[in-house]
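Work through the exercises below with the sequence and the 3D view at hand. Each task is followed by a solution in steps.

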Amino acid sequence: EGPASFDDAEDEDTKLDGLQKIVTEGVANFKILSTADEGEIKLKVAIIDSDNTTSGEIELNSRANMKLRMRSVPTSISANSPDIAEIIVEAVDGDGKILNNFSSPIDFKLLNENLGSFSGETSVQMQNGVAKIPFKPLAGNGNAEIAATSPGFSPGSYSLAILPQMAERIE
């Protein structure tokens with residue numbers, strides 16, 4: 001009960017209330033989908049075997065106003081530089097606190113690819129509310145517009161300043 005639901009496709013017996021899962025190895029995995037409302041979610045669990053029934057309750061909190069906050073280290077980088085900027089995405093609540101113990105896939109997209117590229121995969125797994133991806137600048141200068149998306153969040157965006165490359169002295 002509370003501001004959450006289950007994926008009905010995971011219910012193995014729709015005739016009974018709640019989500020029914022049949023397991024043989026003693027472990028059941030399922031997704032709890034939060035709603036836009038915040039509040040306490042009570043998850044009631046009953047394990048029934050041929051000899052007895054064991055039950056318990058787990059309490060979770062659903063937070064409102066979660067968003068993706070983006071930044072980089074450093075905050076600007078020179079064009080055509082061998083340096084790398086680290087693009088950082090943080091899942092935060094309405095108070096700006098990082099959502100510790102939060103894990104979710106994050107997809108990065110560079111909107112103006114003429115200014116640089118990401119090193120490695122552009123889809124990464126957020127761990128403890130944080131995801132990072134390396135960015136390598138190309139020869140152009142301007143603002144590299146970077147977007148990040150994750151299920152359940154509005155897209156995040158960030159503008160990384162790509163400064164003109166240093167002039168070389170010709171003698």
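**Exercise 1.** Decide whether Gly94 is buried, partly exposed or exposed.

Solution. The model is predicted. Gly94 has a relative accessibility of 51%. The exposed class holds residues over 50%, so Gly94 counts as exposed. To place Gly94 in the chain, look at the loop between strand 7 and strand 8 (104-110). Then compare sequence and space: Gly94 and Lys67 are 27 residues apart in sequence, and their C-alpha atoms are 7.7 Å apart.

**Exercise 2.** Place Ser81 in the chain, assign its exposure class and list its contacts.

Solution. Start with the chain: Ser81 sits in the loop that runs between strand 6 (76-78) and strand 7 (85-92). Next, take its relative accessible area, which is 7%. Buried means under 20%, therefore Ser81 is buried. Now follow the side chain of Ser81, which reaches the backbone nitrogen of Asp83 at 2.9 Å. Finally, set aside neighbours within four places in sequence; Ser81 is then in contact with Lys136 and Pro137.

**Exercise 3.** Describe Lys21 by location, exposure and contacts.

Solution. Lys21 belongs to the loop between strand 1 (4-6) and strand 2 (32-34). With a relative accessible area of 31%, Lys21 falls between the 20% and 50% limits, so Lys21 is partly exposed. Not counting residues up to four places away in sequence, Lys21 touches Glu10, Glu12, Ala28 and Asn29. By contrast, the C-alpha atoms of Lys21 and Ser154 are 32 Å apart, with their positions 133 residues apart in sequence.

**Exercise 4.** Find what lines the second largest pocket.

Solution. The volume of the second largest pocket is about 690 Å³. Its lining has 18 residues, and those closest to its centre are Leu19, Lys21, Val45, Ala46 and Ile47. Strand 3 (residues 39-48) contributes the most to this lining, with six residues. Sorted by class, the lining holds 11 nonpolar, three polar and four charged residues.

**Exercise 5.** Which residues touch the most other members of the largest nonpolar core?

Solution. The largest nonpolar core has 25 residues; Ile87, Phe108, Phe135 and Leu160 touch the most other members. Elements giving two or more residues to this core include strand 5 (67-73), strand 11 (130-137) and strand 13 (156-163). Strand 7 supplies the largest share, four residues. Take Phe108 as a check: leaving out residues up to four places away in sequence, its contacts include Ile87, Val89, Phe118 and Ile146.

Methods: Residues are numbered from 1 along each chain as its sequence is written. This is a predicted model: local features need pLDDT of at least 70, side-chain atom pairs count only at pLDDT 80 or more; totals for chains, interfaces and linings use all residues. Side-chain values use heavy atoms; hydrogens and water are left out. Buried means under 20% relative accessible area, exposed over 50%, partly exposed in between (1.4 Å probe, protein chains only). A polar contact is a pair of N or O atoms within 3.5 Å; within protein, one must be able to donate a hydrogen and the other to accept it, and residues adjacent in sequence count only if both atoms are side-chain atoms. Contact means heavy atoms within 4.5 Å. On a 1 Å grid over the protein atoms alone, a cavity is a set of points where a 1.4 Å probe fits but cannot get out, and a pocket is an open set with protein on both sides within 12 Å along at least five of seven lines; lining residues have an atom within 4 Å of a point. Grid points are joined across faces, edges and corners, and a volume is the space filled by probe spheres set on the points. Ala, Val, Leu, Ile, Met, Phe, Trp, Tyr, Cys and Pro count as nonpolar, Asp, Glu, Lys and Arg as charged, and the others, Gly among them, as polar. A nonpolar core is a set of buried Ala, Val, Leu, Ile, Met, Phe, Trp, Tyr and Cys residues joined through side-chain atoms within 4.5 Å.
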